[in-house]
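The following paragraphs lead through one protein model, beginning with a single strand pairing and widening from there to the sheet, the overall fold and one loop residue.

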Amino acid sequence: MNTDDLDRAQLPELFQTEWCPASRRVRQRLTELDVSYVCRQVPVDRDDRGLLVQVTGDDSVPALVSADGFVLVGEDEIYGYLDERYEEPAGAEAHRLKARKARQRELEEATR
């Protein structure tokens with residue numbers, strides 16, 4: 001096992017999709033908190049989410065498996081866990097501002 005494998009083994013795993021607004025918000029919160037994580041893409045069809053169900057006991061996204069083995073399903077549960085365990089770093093507000101500006105640009109481009 002190389003060093004990258006060891007590092008990844010100790011990271012939280014986020015089961016998510018790109019089209020899910022709650023997944024996007026959780027990714028944003030992890031970024032704000034400066035938390036590195038492994039991102040696991042989840043199939044659109046719930047019948048194809050065997051790995052997600054096996055690991056978390058649920059077929060919903062987002063789901064987070066913490067580095068210490070806690071399984072958290074749903075945005076509120078994940079936020080609660082993150083807010084209990086991670087202190088917000090000084091750069092968090094800068095990340096929020098950048099994200100708001102990027103979303104605004106995307107909306108403007110979509111309406112042209």
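A convenient point of entry is strand β1, which covers residues 13-16 and is joined to β2 by 4 bridges, the two strands running parallel. Within this pairing, glutamate 13 of the model, which is a predicted one, stands opposite valine 38 in β2.

The pairing of β1 with β2 belongs to a wider arrangement. The sheet is open and is formed by 4 strands in the order β2-β1-β3-β4, with mixed pairing. Its edges are β2 (38-41) and β4 (71-73), each of which pairs on one side only. From one strand to the next, the twist averages 20°.

A helix accompanies one part of this sheet. Helix α4, made up of residues 75-85, lies across β3 (63-65) and β4, and it runs at about 135° to β4.

The sheet and this helix can now be placed in the whole chain. The protein contains 5 helices and 4 strands, and from the N terminus on these elements follow one another as α-β-α-β-α-β-β-α-α. Along the principal axes, the C-alpha atoms fill a box of roughly 45 × 35 × 30 Å. Among contacts in the protein with a separation of 6 or more, 56% are accounted for by residues 24 or more positions apart.

The surface may be described next. Of the 112 residues, 31% count as buried. The accessible surface comes to about 7300 Å², and 48% of that area belongs to carbon and sulfur atoms. As for charge, the protein carries 16 positive and 24 negative side chains, and the centres of these two sets lie 7 Å apart.

One residue of the loop between β3 and β4 merits a closer description: aspartate 68 is located there. Is this residue buried, partly exposed or exposed? Aspartate 68 is partly exposed, because its relative accessible area is 48%, and the partly exposed class lies between the limits of 20% and 50%. When residues up to four places away in sequence are not counted, aspartate 68 touches Tyr81 and Arg85. Both numbers fall within the span 75-85 of helix α4. A further relation links aspartate 68 with alanine 99: the two are 31 residues apart in sequence, and their C-alpha atoms are 29 Å apart in space.

Notes
Residues numbered from 1 in each chain as written. Predicted model: local features only at pLDDT ≥ 70, side-chain atom pairs only at ≥ 80, totals over all residues. Heavy atoms only, no water. Pairing = 2+ DSSP bridges. Axes fitted to C-alpha atoms, helices over the stretch in contact; angles between N-to-C directions. Contact = heavy atoms within 4.5 Å. Buried < 20%, exposed > 50% of the residue type's maximum accessible area, 1.4 Å probe, protein only. Areas by Shrake-Rupley, 256 points an atom, 1.4 Å probe, with all protein chains shown as cover. Lys, Arg positive; Asp, Glu negative; His and termini not counted. Charge placed at Lys NZ, Arg CZ, Asp CG, Glu CD.
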